[in-house]
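User: I should like to learn how to read the features of a protein model, beginning with a helix and ending with domains. Could you take me through them in turn?

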Amino acid sequence: MPVLEIKNLNVEYKTKGSVFGKEKIVKAVNNLSLDVNQGEILAIAGESGCGKSTLASAIACLTPVNSGEILFHGINVLELKNKKLKVYRQALQMVFQNPYSSLNPKMTIGDILKEPLKINNDLCIYSEDYRALYEFSKNEIEDIITQVLEAVGLDKSAKKLYPHEFSGGQRQRIAIARALILKPEFIIADEPVSALDVSIQAQIINLLIQLKTNFNLTIMFISHDMNVIRHIADRVAIMYLGEIVEIGSTEQIFKYPQHPYTRALLNAVPSFEKKDINILKGDIPSPTNLPTGCKFHTRCSYCMEKCKTDKPVLKKLYEGHEAACFLNN
Ligand code: SF4
């Protein structure tokens, strides 16, 4: 059952162009629809610049939306204000890419973890008797921080230390603890392992999988790394220039990829068996000047005349597997 439903979402923003500083419109998310089911890890995959982070930011109500709906448990979050918006932001937390810049270097880990509790001290997230956080004693708050540190595999002695005293992997554990401390039900992890060494990436991925089960979480996992996605995701949505071009279970996407862009992404991963000679050509076009027809036609080895003018839509191929390509339509 979907906990999050995105319907016909459009997100545009203005940017200064390099020529004479003229303003241009970036069409970052284009008429995108997507469901995220309760308890799953849905990966959003694609190259940098395909709109993944803008989508995440829009879902978290951090970026204005031009049109469309974002429904959380059936409620349109784009209409939420004041305390209702605060409750939504508590329920949906983000973990960012860079654990070196996302933690305040001047604060101890204890203070970093206390801060979200202070900001949300009017919410009743830690007690069944609806006690607000400000009614908790200092010791109770300390216990909450200890528990969340232990949940991410860190000792309570971390509370007195500063971010620079930890490795990259430990800092990402602290960032995850900061997201967990508000008892969210949904986490958006935006490239959470791409700044880490490969040996550490596996530890953070395993931690997220374990936390999903232990805390009954739903996770949207954003990444450009298909190897990482294969290990963590239940389902995968492939995004290109602000649109979903293919979606399916992890097995469907990795064993039976249908869209030429998905196949090209997989072909670019050295460890995968090559299924065809479909190589990704050139760079992703600018989202300020989107191609007509199929947005992938400028790079597609299978491009036909109609691909340049007509737009393919997502079509069901198998149960749970959809792709937007005229080769399948
Ligand atoms: Fe390639 Fe055409 Fe399919 Fe687009 S619709 S991915 S251009 S074959």
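Analyst: We may begin with burial in a helix of this predicted model. An α-helix has 3.6 residues a turn, so residues three or four places apart point the same way. In α4, the buried residues are Ile 141, Ile 144, Ile 145, Thr 146, Val 148, Leu 149 and Ala 151.

User: Which helices do the buried residues of α4 pack against?

Analyst: Their partners are α3 (109-119), α5 (168-180) and α6 (198-214).

User: How is the span of α4 to be read?

Analyst: One compares the distance from the first C-alpha to the last with the value expected at 1.5 Å a residue. Helix α4 covers residues 138-151, 14 residues in total, and reaches 20 Å, close to the expected 20 Å. Just after α4, Gly 153 adopts a positive phi of about 85°.

User: What is the strand order in the sheet, and which strands lie at its edges?

Analyst: The sheet is open and has eight strands in the order β6-β7-β8-β3-β9-β10-β12-β11, with mixed pairing. An edge strand pairs on one side only, as do β6 (92-95) and β11 (315-318) here. From one strand to the next, the twist averages 20°.

User: How do β3 and β9 run relative to each other, parallel or antiparallel?

Analyst: Strands β3 (residues 41-45) and β9 (residues 235-240) run parallel and are joined by four bridges. Within this pair, Ala 45 stands opposite Ile 238 of β9.

User: Which strands do helices α1 and α2 touch?

Analyst: Helix α1 (residues 52-59) packs on the sheet and touches β3, β6, β7 (186-190), β8 (218-223) and β9, its direction making about 150° with that of β8. Helix α2 (residues 82-91) also packs on the sheet, where it touches β6 and β7. The direction of α2 makes about 50° with that of β6.

User: Where do the domains lie in the chain, and how many residues does each bring to the contact?

Analyst: The domain assignment gives domain 1 as 2-6 + 34-238 and domain 2 as 255-328. Taken over C-alpha atoms, their centres are 31 Å apart. Nine residues from domain 1 and 10 residues from domain 2 take part in the contact.

User: What area is buried between the two domains, and which residues of domain 1 lose the most?

Analyst: About 830 Å² is buried between domain 1 and domain 2, with carbon and sulfur atoms giving 65% of that area. On the side of domain 1, Glu 47, Met 226 and Ile 238 lose the most area to domain 2, together 61% of what that side buries. Ile 238 thus links two of our topics: this residue of β9 stands opposite Ala 45, and it also loses area to domain 2.

Conventions: Residues numbered from 1 in each chain as written. Predicted model: local features only at pLDDT ≥ 70, side-chain atom pairs only at ≥ 80, totals over all residues. Heavy atoms only, no water. Expected span 1.5 Å × (residues − 1). Buried < 20%, exposed > 50% of the residue type's maximum accessible area, 1.4 Å probe, protein only. Contact = heavy atoms within 4.5 Å. Pairing = 2+ DSSP bridges. Axes fitted to C-alpha atoms, helices over the stretch in contact; angles between N-to-C directions. Domains from an automatic or database assignment. Buried area = accessible area lost by both parts, 1.4 Å probe.
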